[in-house]
Amino acid sequence: MIRLNRGNPPQELDATTVSDLTAEFAASGKSVWSQPYIREALLTLSRSKCAYCETKVNEESKYMEVEHFRCKDIHPDLVVEWDNLLPACKHCNGHKSTYDVDAEGMIADPFTTDPAIHFYFQNYRLRWRDDIGRRSIDTLYLNETTRLVSVRLRIGETVAQALETIRDQLEMYISGDQTTRRRNQITRGVKRLLEEAQPSAEFSALTATVLLTDPNYLWLKQNLSDLGLWQELAPFEAIALTIALLP
């Protein structure tokens, strides 16, 4: 989970439309929130990811559902209120179901709170810092073994292996193989990893956390800085630091 910015509702969702769609839902129970302009706007806000687990929801085998932070069965008047809508994958939306955040306890809303306040990663599992984090993990199943934890583990291993390879390359560069090709391989490799730790990437919070805490990454950063090769990478790291869920 990463921090998201709500922004303004789509132009089509003006006060009159909200009133009309809310009345239609009350009368018919139709999925009035499944308007293309609502779905597209939510996908843009989350960079086509589930707001909770960060899986991509615009791929062929996945599907975005419009999630109501305050359950539509309990709060029918909020059924198309912009501040109550989130893009979610089928799994997270299904797990949350009719959970009542007011009666059963608040969970994390990435549009209103920084997830780093409530969570951190350890051993590829989300750990909670407070009751909101704990309820969020339990309610949304944010540590599902097959769907999430095993995927995080594969990502972490890929990052670790890539860092080992890049470190070998930089050690050769420092030892005398200072060709342009070798230098570009090194900086391009680090940049690719940092790009996977940017908000638009799937599982970016996990990637940022693994990357920024790996000893080989810290060694690479120090030595690239000493060689004057870190400047172009620094902006990517700065963004990664804002979404990492560090212990």
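Select Lys221 to start. In this predicted model, Lys221 counts as partly exposed, because its relative accessibility is 28%. Now add Glu237. These two residues form a salt bridge, with 3.0 Å between the closest N and O atoms. Colour the helices next: Lys221 sits in helix α8 (residues 215-226) and Glu237 in helix α9 (residues 234-243), so the pair ties together parts that are 16 residues apart in sequence. Check the acidic partner too. Glu237 counts as buried because its relative accessibility is 8%.

How many salt bridges does the structure hold? There are eight. Two further ones are on this route.

Go to Glu65 and Lys90. Their side chains meet in a salt bridge, 3.5 Å from N to O. The pair links distant parts of the chain: Glu65 belongs to strand β1, Lys90 belongs to helix α3 (residues 90-96), and 25 residues lie from one to the other in sequence position. Is each partner buried or exposed? Glu65 counts as buried, because its relative accessibility is 17% and the cut-off for buried is under 20%. Lys90 counts as exposed, because its relative accessibility is 56% and exposed means over 50%.

Move to Glu54 and Lys49. Here the closest N and O atoms of the salt bridge are 2.5 Å apart. Switch on a surface and look at both residues: Glu54 is buried, and Lys49 is buried as well.

Next, select Leu78. Where does Leu78 lie? Find the loop between β1 (64-68) and β2 (85-89); Leu78 is in that loop. Show its surroundings. Leaving aside residues up to four places away in sequence, Leu78 touches His68, Arg70 and Asn84. Then add Val18 and draw a C-alpha to C-alpha distance. Leu78 and Val18 are 9.1 Å apart in space, although 60 residues separate them in sequence.

Last stop: the hairpin of β3 and β4. Select residues 119-122 for strand β3 and residues 125-128 for strand β4. The two strands run antiparallel, and four bridges join them. Pick Tyr120 and look across. Which residue in β4 is the bridge partner of Tyr120? The partner is Arg127. Now go to the turn. Two residues lie between the strands of this hairpin, and Asn123 takes a positive phi near 55 degrees.

To revisit the route, keep three selections. Save Lys221 with Glu237, a salt bridge at 3.0 Å. Save Leu78 with its contacts His68, Arg70 and Asn84. Save Asn123, with its positive phi, in the hairpin of β3 and β4.

Terms used. Residues numbered from 1 in each chain as written. Predicted model: local features only at pLDDT ≥ 70, side-chain atom pairs only at ≥ 80, totals over all residues. Heavy atoms only, no water. Pairing = 2+ DSSP bridges. Contact = heavy atoms within 4.5 Å. Salt bridge = Lys/Arg side-chain N within 4 Å of Asp/Glu carboxyl O. Buried < 20%, exposed > 50% of the residue type's maximum accessible area, 1.4 Å probe, protein only.
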